[in-house]
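Colleague: Could you walk me through how to read this model? I would like to begin with the core and work outward.

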Amino acid sequence: MTVTTPGLVLPRRKLLMGASALAVAPLAAPHIARAADPIRIGVLLAKTGGIAAQTEYLANGTFLALEERKNMLMGQPAELVWLDEPSPQAATQNMQKLVQENKVCAILGGSLSSNALAEEALAKDLKIPFVCDNAAATDITGKNCNRYTFRLNTPVAVQQAMLSPFAAKFGKKWYHITSSYAFGQDILKSSRENLKAIGGTEVGVDEVPLNTPDYSSFILKIRAAKPDVVVGGLAAGDLSTFLKQWNELGMKGKIPFVEIAIGDTDIWAVGPEAADGIFTKLWWYNNPNNPPEEKAFAAEYLKKHGKPAADKAWMGWITAKSLFDTLDAVKSTDAMKIVEGLEAWKFSAGQTAYSYRKFDHQMLVRNLAVQVKPKITDKWDYFDVKAVLPENPADVDKVFGTEAEIGCKMG
Amino acid sequence: MLDILLSQLASGLVLGGLYVLIAIGLSIIFGLLGIVNFAHGVFFTLGAYFALVLYQYFGWPAVILSPIAVGAIGMIAERLLIQRLYDKEPLISLIVTFALALLVEASVRLIWGGIGQPFSSPPFLSGIFIWGPILITKYRFAVFLTTVAVLVALWLFLEHTPFGRILRAGSRDPEMVGLLGINLPKVLTWVFGLGCAISGIAGVLAAPLWTITPSMATNAIMPAFVVVAIGGLGSFAGAVIAGLMVGIVSAMTIQFWPEASGAMMYIFMALMLLLRPRGLLGERWERFE
């Protein structure tokens, strides 16, 4: 039997086959997004808790990166879907939701090391590109690395190695005060190794619960131990609270305090009277050596939000930019094509270029060593840049560790 | 060693004092209204934020204006929301006050943003006192004195004023108080406002010590519940003794076993409740039996 229309005669079987072929065509090319659907990118950042002060800026930077492109990727409308990451367990549930319900093609986020370690394992299982913008635990691109995970923040061990010479200038008797979770434990381990390497002594150590409201008892212990320098490993609001109470107990300027990975929001919360210390950080809005594109970002951020871009805003922006550049370059939402695109991505930043290393997916970025100004006159501008680390740009790859040292096996 | 132990003791007493101020409001509200107020911590947060804002306009009088403003907001919350819970299941009041806490925290985040706000103690309170082996900062000493003054004033108010007598009678037999011609709903509104204002005082005192963030109540409300549970629900003296004990236990744990400092107050609570399930000075309340 045939279906007959004037001027067109088709056998019914062929007609059905043709219709079926049309119906399943999108399934044959699942990674070419349909024009009607926006490209969706997942964002996993904490919306509450102590880290929310930082994630607000991470999110602002991420959203600004898309707005700079008029919310378009690969010539199609694009949108960010932001879910919370209140704990490692809830974060992985939300990651699953982003992939299975929201159909995102990649995920940005990872505000805390404990969350990011859980998220990267799931990213591997779900085969979804995950670009981690904040967490610094060494294992993320170390022994826990995988093909789908990329990371911006310089690993704790590398930052600690950069900071330790500054700590050693004050003496070889160190006191450690670190948070008792992944980030703090990583700092303690790395710092102890560095201290051992210079033949120093640990005169005291305190592993402090997260969200400790009162540090006075810890500070009394530090005071009694009389160290040459205190090496901190406290994150976000905990660091701000510690520094306020450090000043309150008259310790500011008495015993030097050093820590890696300070966020601008952490020091802004301390206030000019109490701020103190030497820190490493990735980016500073007022650095005259920032490349033009970053200066444009900082100006746009200031215009939009009425305050300077914190380092976390830049971290959200540059990780999102790396992903968006990649999507535009590979013109596909296929996970492996995105992974390969990210491995090839490069951003020219003055004397160096930012890129993800192929063997561990760690972004190579020089760090700044900053010290709180002796007198703060601008409520946003707290730091003097003491050095750019490593001082020789050619040493970046070496400082981040060799393939054998890192221990990353992608499989 | 003695010097550091005595300094830790002083530090623990100050921290305990702050916990007492938060817990006492919680305890009064439970004792008189029968509401376990999960939103109590956000009034602590509001105390800190209001001090921050009012200081810009009024200077140091802000430390008095802020708790008054917090108390006023508490009274509005009672009239609009809490008074509808008095004859409801306890579970409903838990859920509603928890929702109120989330709402206020989200509002604070919306108005002031998520990042911490800097706020320092007044210059005349900067520096430290060293008395023999004891070291304490001037500000913490002032916090301790303020805490004592607030507690004494509150005790005098509850024990020696007609209004205080009505409150105590109302907590035991609200029906009888109503039959005596006293407008109990109005009294309860004032009680809720008073409890919130005391929490606001704790927020003001903590503002120069802690980081002012929308979620700062999280660090305060759990110790407050622990203090209330140890002291006995609704007991003024129990809350004072328990608060100081919790502060001292926390400080001493930091000295000898810092890794356990976060957990020790809960272990202490569990031990106390095993020995005395109603808490240190908890009594049998017919209303809640």
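Colleague: Which residues have the most contacts inside the largest nonpolar core?

Modeller: A nonpolar core is a set of buried Ala, Val, Leu, Ile, Met, Phe, Trp, Tyr and Cys residues joined through C-beta atoms within 7 Å. Buried means that 20 or more other C-beta atoms lie within 10 Å of a residue's own; 12 or fewer makes it exposed, anything in between partly exposed, and the C-beta atoms are placed from the backbone. In this predicted model, the largest such core holds 210 residues, and Ile107(A), Val20(B), Ile22(B), Ala23(B) and Val227(B) have the most contacts inside it. The element that gives the most is α1(B), with 17 residues. Domain 1 (39-154 + 291-364) and domain 2 (157-281) of chain A both contribute too, so the core lies between them. Domain bounds come from an automatic or database domain assignment.

Colleague: Before we go on, how should I treat numbering and confidence?

Modeller: Residues are numbered from 1 along each chain as its sequence is written, while chains are lettered from A and ligands numbered from 1 in the order in which they are written. Because this is a predicted model, local features need pLDDT of at least 70 and side-chain atom pairs count only at pLDDT 80 or more, whereas totals for chains, interfaces and linings use all residues.

Colleague: Back to the core, then. What is Val227(B) in contact with, beyond its sequence neighbours?

Modeller: Contact means that two C-beta atoms, placed from the backbone, lie within 7 Å. Leaving out neighbours within four places in sequence, Val227(B) touches Tyr19(B), Val20(B) and Ala23(B), and also Ala239(B), Ala242(B), Gly243(B) and Val246(B).

Colleague: And how many residues of chain B are in contact with chain A?

Modeller: 33 residues of chain B meet 35 residues of chain A. On the chain B side, α1 (2-33), α9 (218-231), α10 (236-256) and α11 (261-275) each supply at least two residues, and α1(B) gives the most, with five. By class, that side has 13 nonpolar, 19 polar and one charged residue. Here Ala, Val, Leu, Ile, Met, Phe, Trp, Tyr, Cys and Pro count as nonpolar, Asp, Glu, Lys and Arg as charged, and the others, Gly among them, as polar.

Colleague: What is the overall make-up of chain B?

Modeller: Helices (H or I, at least four residues) and strands (E, at least two) are DSSP runs, numbered from the N terminus. Chain B has eleven helices and two strands, in the order α-α-α-α-β-β-α-α-α-α-α-α-α. Its radius of gyration, taken over C-alpha atoms, is 19 Å, which agrees with the value near 19 Å for a compact globule of 289 residues; the globule rule is 2.2 Å times the number of residues to the power 0.38. Buried residues make up 51% of chain B.

Colleague: Now chain A. How are the strands of its open sheet ordered?

Modeller: Strands of a sheet pair through backbone hydrogen bonds, either parallel or antiparallel. Two strands count as paired if DSSP finds at least two bridges between them. In chain A, an open sheet of six strands runs β4-β5-β3-β6-β7-β8, with mixed pairing. Its edges are β4 (72-73) and β8 (149-151), each paired on one side only.

Colleague: Which strands does β3(A) join?

Modeller: Six bridges link β3(A) to β5(A) (residues 76-83) in parallel, with Gly42(A) opposite Val81(A). Four more parallel bridges link β3(A) to β6(A) (residues 106-109), where Leu44(A) stands opposite Gly109(A). Further along, β6(A) pairs in parallel with β7(A) (residues 130-132) over three bridges, and Ile107(A), one of the core residues named earlier, faces Phe130(A) there.

Colleague: Is β3(A) enclosed or open, and why?

Modeller: Five of its six residues are buried, so β3(A) is largely enclosed by the rest of the structure. Take Leu44(A), in this strand: its 27 C-beta neighbours inside 10 Å make it buried. Among its contacts beyond four places in sequence are Leu83(A), Met95(A) and Ile107(A).

Colleague: Last one: how far apart are the centres of the two domains of chain A?

Modeller: The centres, taken over C-alpha atoms, are 28 Å apart. Domain 1 puts 15 residues into the contact and domain 2 puts in 18. On the domain 1 side, α2 (52-67), α4 (113-126) and α11 (311-330) of chain A give two or more residues, and that side has seven nonpolar, six polar and two charged residues.
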